[in-house]
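The exercises below concern confidence, helix packing and the two sides of a helix. Work through each task with the structure open before reading its solution.

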Amino acid sequence: MTQDRTPIFTPVLIAGCIIMMLGFAIRASFGVFQIPIAEEFGWPRAEFSLAIAIQNLAWGIGQPIFGAIAEKMGDRKAIVLGALMYAAGLILSSFATTPGGHQLLEILVGFGIAGTGFGVILAIVGRASSDENRSMSLGIATAAGSAGQVIGAPAAELLLGFFPWQTVFIIFAGVMLASLFALPMMRAPRMASKQELEESLGTVLKRAFKDPSYTMIFLGFFSCGYQLAFITAHFPAFITEVCGPIAAGGVLAGMGITTTSGLGALAISLIGLANIGGTILAGYLGKKYTKKYLLAGIYTGRTLVALWFIMVPMTPTTVIIFSLAMGSLWLATVPLTSGLVAHIYGLRYMGTLYGIVFFSHQLGSFLGVWLGGRLYDATGDYTMVWWVGIGVGAFSAIVHLPVREKRVELAAA
């Protein structure tokens with residue numbers, strides 16, 4: 001009975017939101033550095049794109065590793081290790097002057113994001129929530145990441161007006177370390193059944209890998225990563241180069257947005273702002289309706305929004321409409337996917353199981369960021385990359401439909 005009365009806003013949820021918000025504010029800002037770094041060193045667009053792509057891939061590889069560290073050694077140790085790696089990667093990157101240097105150091109940043117991001121934080125929040133509140137709590141924690149996205153890109157754009165990008169990286173490293181002040185609140189009970197506690201990680205992984213539903217969830221998360229990472233890394237540059245001019249006497253100019261570069265940073269912020277509502281709504285709906293159908297609907301919506309955007313001329317108005325529409329669907333998949341994993345396979349090894357699924361997400365992220373830069377250098381625009389994103393989005397909408405949203409039976413004790 002006690003678990004059922006657990007409030008939504010627990011100390012664990014509040015602390016998790018703080019760490020997620022600051023970590024994702026920094027991660028979401030990397031697209032703003034795309035042009036300044038490339039111009040300073042005279043690199044092709046693909047070089048820094050590959051660095052961000054490697055960051056995303058390292059994040060995916062690190063996610064199940066940090067999930068296992070949290071489950072074996074303790075949640076807070078995993079978060080501290082992640083924050084230290086994140087800060088170290090940023091500081092060392094500020095001294096890198098070659099493409100290879102940036103690309104190598106982004107492995108460190110990616111592992112840092114893994115230790116302070118979805119896999120670890122959502123697993124802790126999930127264990128600290130009651131069955132009734134879990135879906136909503138996961139939605140709120142995910143929305144905190146979106147709040148970070150709201151402030152991250154504009155903060156980077158603002159700081160770049162006063163400091164070189166190297167100094168901004170060091171400032172962001174300090175912000176990441178400051179997030180650890182929330183760590184004392186990160187104490188979550190081990191809410192798992194006796195049978196779950198007695199089962200080994202190997203047994204649970206073997207059962208999940210044999211389940212076709214787990215494979216479909218894994219495959220379906222690929223397009224989420226592709227779309228989100230491509231837009232985060234390349235959308236500001238895309239807008240800067242392609243968007244029509246901003247009217248001198250318009251609303252945007254009145255807000256101080258007078259360049260397409262500023263509009264690019266605003267677009268990332270608007271995506272994050274819209275996603276705060278989108279993820280909370282997804283978490284709310286996840287406890288009332290079938291998660292797989294909600295996921296299929298979200299991927300369908302993303303596909304249609306991207307299709308519309310690429311087929312109309314880009315203007316400041318279409319950028320804002322796209323940002324708000326895509327933002328409402330942006331991370332709405334995360335509380336539903338993580339909640340689906342917890343519902344089907346239990347809480348004991350949720351961090352590891354979700355981390356493996358998230359690896360698919362990050363494979364998509366790697367491809368979206370790297371392919372964006374590669375095709376841009378080859379063709380001079382991003383059109384082909386958008387069409388690939390539309391295709392994989394439609395695939396994800398379809399592949400979720402056969403998922404069996406039913407708890408997998410535990411082995412006999």
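**Exercise 1.** Determine which elements of the protein have the lowest and the highest mean pLDDT.

*Solution.* In this predicted model, the lowest mean pLDDT among the elements, 53, belongs to helix α9 (residues 194–198), whereas the highest, 94, belongs to helix α14 (residues 291–311). For the protein as a whole, the average pLDDT is 85, and 94% of the residues score at least 70.

**Exercise 2.** Describe how helix α2 (residues 34–41) and helix α8 (residues 165–178) are arranged relative to each other, and which residues make their contact.

*Solution.* Begin with the two quantities that describe a pair of packed helices, namely the angle between their axes and the distance between the axes. The axes of α2 and α8 come within 11 Å and cross at roughly 135°. Because angles of 65 to 115 degrees count as roughly perpendicular and those over 145 as roughly antiparallel, α2 is oblique to α8. Next, identify the contact residues: α2 contributes Ile37, Glu40 and Phe41, while α8 contributes Trp165, Gln166 and Phe169. Finally, sort these residues by character, which gives 4 nonpolar, 1 polar and 1 charged.

**Exercise 3.** Establish which residues of helix α10 (residues 201–210) are buried, and where they lie around the axis.

*Solution.* First, list the buried residues of α10, which are Leu201, Val204, Leu205, Arg207 and Ala208. These residues lie on the same side of α10, because they cover an arc of only 160° around the axis. Then turn to the other side of α10, where Lys206 and Lys210 are exposed. Last, find the packing partners: the buried residues of α10 pack against α11 (212–242), α16 (333–345) and α17 (350–379).

Conventions. Residues are numbered from 1 along each chain as its sequence is written. This is a predicted model: local features need pLDDT of at least 70, side-chain atom pairs count only at pLDDT 80 or more; totals for chains, interfaces and linings use all residues. Side-chain values use heavy atoms; hydrogens and water are left out. pLDDT is the predictor's confidence in each residue, from 0 to 100. Helices (H or I, at least four residues) and strands (E, at least two) are DSSP runs, numbered from the N terminus. Axes are lines fitted to C-alpha atoms, for helices over the stretch in contact, and angles run from 0 to 180 degrees between N-to-C directions. Angles under 35 degrees count as roughly parallel, over 145 as roughly antiparallel, 65 to 115 as roughly perpendicular and the rest as oblique. Contact means heavy atoms within 4.5 Å. Ala, Val, Leu, Ile, Met, Phe, Trp, Tyr, Cys and Pro count as nonpolar, Asp, Glu, Lys and Arg as charged, and the others, Gly among them, as polar. Buried means under 20% relative accessible area, exposed over 50%, partly exposed in between (1.4 Å probe, protein chains only). The arc is that of the directions from the helix axis to the C-beta atoms.
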